[in-house]
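The following exercises are to be worked through with the sequence and the model at hand. Each task is followed by a solution in steps.

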Amino acid sequence: MDPGLLRGLREILGEAGLVERRNQRVPYECDGLAFARQLPELVLLPRNTDETARCMRLLDEAHVPIVARGAGTGLSGGATPVEHGVLIGTSRMRAILEIDERNRFARVQAGVVNVDLSHAVEQLGLFYAPDPSSQKACTLGGNVAENSGGPHCFRHGTTTRHVLGLVIVTPQGEVLDLSKARAEPEGLDLVGFFTGSEGMLGVATELTLRLTQTPPVVETWLALFRELDEACECVSDLIRARAEPSAIEILDQLTIEAVEASVLRAGYPKEAGAVLLLELEGRESEVAAQARILEPLVRARGAFELRRARDPAERTRLWAGRKGAYGAMGRVAPDLYVCDAVVPRRKLRELVRETTAICEARGLKVANVFHAGDGNLHPNISYDRRDKEELARVLDAGDAILKACLAAGGTLSGEHGIGLEKIGAMEWLFTREDLAAMCRAREAWDPECRMNPGKLIPMRACMETRT
Amino acid sequence: MDARTIIDYAKSLDCVHCGLCLNTCPTYRLTGREPSSPRGRIHLMRSLAEGEIQADADFAHEMDFCLLCRHCESVCPSGVKFGALMEHTRAGLAALEKRPLHVRLARAIGFGVLLRDRGALSLAAALARVFAPARMPLRAERAYQPTLTPAEGERTSAVLMLEGCVMSEIFGGVNRATAAVLARAGCEVRATPQLFCCGSLHAHSGESSGARALAREAIEASEALCDERGAPLPLVSNSAGCGAHLKELAALFEEADPWHARAAALSARTLDFSQLLAREPQRSLLAARMRASSELAELSPIAWDDPCHLCHAQGVRREPRALLALLPGVTRVELAGSEDCCGSAGAWSLTHASESSALLEGKLEALRASGARTLVTSNPGCHMQWDAGVRRAGLDVRVLHLAELLELATRN
């Protein structure tokens with residue numbers, strides 16, 4: 001790192017805002033995609049928009065690549081550092097700046113943890129709807145970058161539907177305030193374009209987010225099946241019958257075993273081959289009506305039991321179990337590869353079978369826990385990253401699963417993003433022209449491609465547009 | 001010594017890097033730095049074991065910066081034994097002598113002299129009263145328990161009470177209250193000067209040989225006190241930190257070591273005093289003696305602050321609340337973030353004074369918001385920390401040990 005640049009950055013951030021020495025940078029070498037590693041040259045932890053912008057101006061002058069990082073819980077390597085690059089972390093930007101109850105929005109700094117926002121507005125009868133499984137740790141800024149989903153996004157939509165405005169620092173260090181337009185955007189919808197851009201266009205430092213009214217009645221139901229197949233089929237039945245819960249999740253037996261062995265002890269029955277986890281919400285009469293539709297449908301599909309969580313404490317436990325399933329799988333092996341692919345819902349059963357077969361053929365252990373309502377599969381493959389040969393089999397299985405999902409009319413990612421993990425797969429889905437068009441859009445913001453290079457859009461496509 | 005061997009490598013592999021621990025970690029929330037988080041520290045440990053990094057001063061600093069509050073263990077879906085991992089690493093660092101000379105000297109005095117001898121500790125406490133009165137609680141009192149406190153009314157059981165090192169030097173009144181409440185609940189309470197310091201502070205700081213020596217003393221002392229059938233008495237602790245350590249004592253010894261089994265047996269008979277009192281018949285006996293009084297009413301509303309080593313290390317959350325619910329004419333209000341660390345963490349508040357104050361500031365804010373007039377805890381470190389904080393902030397709040405409150409309510 002150039003000493004002049006380092007001095008400049010230190011002047012802006014002070015010692016507490018820099019992570020410089022090697023032994024302190026090492027924990028930043030990966031995010032949730034733990035096998036992909038690169039030591040960052042330097043980690044910057046600015047406290048606000050101004051500090052971020054001043055740092056990014058210096059980095060622009062020095063042509064240094066930048067990767068933004070929230071809590072490092074992403075699963076596609078979106079926050080994996082790049083060679084000779086600097087990491088900008090938002091972990092010291094944790095202030096909730098404004099809560100507007102009447103207009104139902106909150107303005108927050110990018111490093112606010114997802115669940116902390118919901119806690120802050122709980123007393124007002126409001127919540128922030130997108131609820132990724134990592135919501136107790138992940139940041140809202142990271143959610144915007146990845147357009148994160150979550151179980152309840154089946155009803156409420158993913159992050160992009162909840163972002164009303166952004167303050168963005170561009171790759172050149174300019175502050176772009178897009179938080180004024182809270183209704184329909186004037187001109188191009190830049191907020192919509194930025195959301196889900198995986199750190200390629202700049203760093204969002206302040207977010208204006210929609211708050212949702214807490215439903216008067218919420219019920220959590222479990223339908224227990226002997227077979228995973230039956231649970232999958234049941235999902236389409238529910239939607240066809242217009243019994244639309246706010247969340248439709250499926251957990252298989254291996255997942256249940258791991259969750260029940262953990263501190264979460266959620267209370268999932270170990271005798272079930274698969275559990276359909278459903279949440280009903282609305283006015284009392286609506287919830288009761290949905291429950292009436294539910295019962296005969298799940299019975300007809302072979303559920304041997306349908307039960308309702310007795311109280312809020314049990315509901316909380318069941319959801320904590322669902323959301324901690326990824327961590328709980330750490331009991332099975334040191335590492336876990338969480339695939340993320342989307343298929344048309346009516347093909348859920350076939351694809352779940354196929355992913356299982358793909359993993360078995362490669363001698364891999366797979367557990368399934370997924371957002372069934374959205375057709376969003378998450379085959380969880382256990383492995384040990386120290387075993388290079390096993391890791392190669394895992395990645396090969398991941399590719400095969402994605403190809404199977406694409407062949408069935410699905411797509412590459414439901415919520416984890418493309419990042420580093422699936423950048424190669426972009427060429428399976430998009431033509432060279434498609435990718436070149438994406439590059440031109442990116443270069444309008446970042447002509448040097450310094451923001452999160454090597455993620456989301458294959459660099460080769462960018463090279464081609466330039467020549 | 002190969003620095004790589006200081007890590008309990010197998011345990012470090014339990015971490016799957018999900019990050020669900022991050023937001024619970026006091027030092028991560030304070031600094032926003034990944035190496036100061038549980039996941040970051042495990043990453044460093046594993047990197048050291050795999051030869052990627054050196055056990056240098058930066059590494060030692062991150063390990064020492066952890067409060068060992070173990071909040072991360074309460075939320076870890078993967079079941080990482082973070083406390084054990086950290087104690088193992090610190091023991092290795094102590095052996096490598098990576099710390100500066102003045103730190104090593106202070107540790108030698110603290111762990112080798114003060115906490116090994118009641119006379120030396122007593123002298124140090126007396127000096128502290130004179131030279132550092134601000135750090136001492138208002139009602140500091142030295143008192144040692146009689147070897148026998150008979151049960152009041154019908155004797156239903158007998159227990160051995162751990163007096164502890166800090167408790168008897170600074171919170172003698174708390175020990176007296178604990179013994180009185182136990183006696184009123186039908187327990188005959190035994191105490192012995194042979195059982196002095198449990199060694200938890202040694203173990204937390206990586207002084208493993210000192211911890212083992214004290215563990216052996218504690219095991220022998222406790223085995224000497226038996227019931228009518230010759231079985232060692234249950235050991236009751238009123239200090240969350242000591243209780244947590246005693247419940248995991250076997251971790252100090254290799255499995256082949258005969259002391260391992262004896263330590264495990266001691267762990268199996270160790271209880272926090274709230275666990276014992278929340279059981280029958282103790283609970284009913286205690287409830288029958290509860291009397292409303294103006295003195296008690298003045299303390300209301302009260303707030304319970306879970307000591308980390310009670311809720312996170314021992315998983316005891318329900319019992320203290322159940323006992324507080326018995327108090328007549330007293331309302332209990334919830335303290336937001338009651339499972340967050342207050343920044344005391346044994347000697348950490350001395351070695352990291354400014355960070356400790358910053359953590360306490362958040363807790364004081366929650367206390368103000370709760371409107372409580374009495375803050376209840378059950379660990380001497382937390383007690384001192386709250387006491388100092390309340391005084392510094394000028395709050396009209398009393399800080400009491402759970403046993404003191406129960407004693408007051410059952411006094412006739």
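Two residues are in contact if their C-beta atoms, placed from the backbone, lie within 7 Å. This is a predicted model, in which local features need pLDDT of at least 70 and side-chain atom pairs count only at pLDDT 80 or more, while totals for chains, interfaces and linings use all residues. Residues are numbered from 1 along each chain as its sequence is written, and chains are lettered from A and ligands numbered from 1 in the order in which they are written.

**Exercise 1. Describe chain B as a whole.**

Step 1. Take the contacts in chain B with a separation of 6 or more: 77% of them join residues 24 or more positions apart.

Step 2. Helices (H or I, at least four residues) and strands (E, at least two) are DSSP runs, numbered from the N terminus. Chain B holds 23 helices and 9 strands.

Step 3. The radius of gyration is taken over C-alpha atoms, and the globule rule is 2.2 Å times the number of residues to the power 0.38. For 412 residues a compact globule would have a radius near 22 Å, so the 21 Å of chain B agrees. The C-alpha trace of chain B spans about 65 × 50 × 45 Å along its principal axes.

Step 4. A residue is buried if 20 or more other C-beta atoms, placed from the backbone, lie within 10 Å of its own. Of the 412 residues in chain B, 53% are buried.

**Exercise 2. Trace the open sheet of chain B and find the helix that packs on it.**

Step 1. Two strands pair if DSSP finds at least two bridges between them. In chain B, 4 strands form an open sheet with parallel pairing, in the order E7-E6-E8-E9.

Step 2. The edge strands, each pairing on one side only, are E7 (332-333) and E9 (398-401) of chain B.

Step 3. Strand E6 (residues 302-304) and strand E8 (residues 374-377) of chain B run parallel and are joined by 3 bridges. B:Trp304 stands opposite B:Val376 in E8(B).

Step 4. Helix H22 (residues 380-393) of chain B packs on the sheet and touches E8 and E9 of chain B. The direction of H22 makes about 170° with that of E9(B); axes are lines fitted to C-alpha atoms, for helices over the stretch in contact, and angles run from 0 to 180 degrees between N-to-C directions.

**Exercise 3. Which elements of chain B each supply at least two residues of the side that touches chain A?**

Step 1. Count the contacts: 28 residues of chain B are in contact with 33 residues of chain A.

Step 2. The elements sought are helix H3 (38-49) and helix H4 (57-65) of chain B. H3(B) gives the most, with 4 residues.

Step 3. Ala, Val, Leu, Ile, Met, Phe, Trp, Tyr, Cys and Pro count as nonpolar, Asp, Glu, Lys and Arg as charged, and the others, Gly among them, as polar. The side of chain B that touches chain A has 12 nonpolar, 10 polar and 6 charged residues.

**Exercise 4. Examine how the domains of chain B meet.**

Step 1. Domain bounds come from an automatic or database domain assignment. Chain B is divided into domain 1 (3-99) and domain 2 (148-277).

Step 2. The centres of domain 1 and domain 2 of chain B, taken over C-alpha atoms, are separated by 29 Å.

Step 3. In chain B, 7 residues of domain 1 are in contact with 7 residues of domain 2. On the side of domain 1 of chain B that touches domain 2, there are 5 nonpolar, no polar and 2 charged residues.

Key:
Buried ≥ 20, exposed ≤ 12 C-beta atoms within 10 Å, placed from the backbone.
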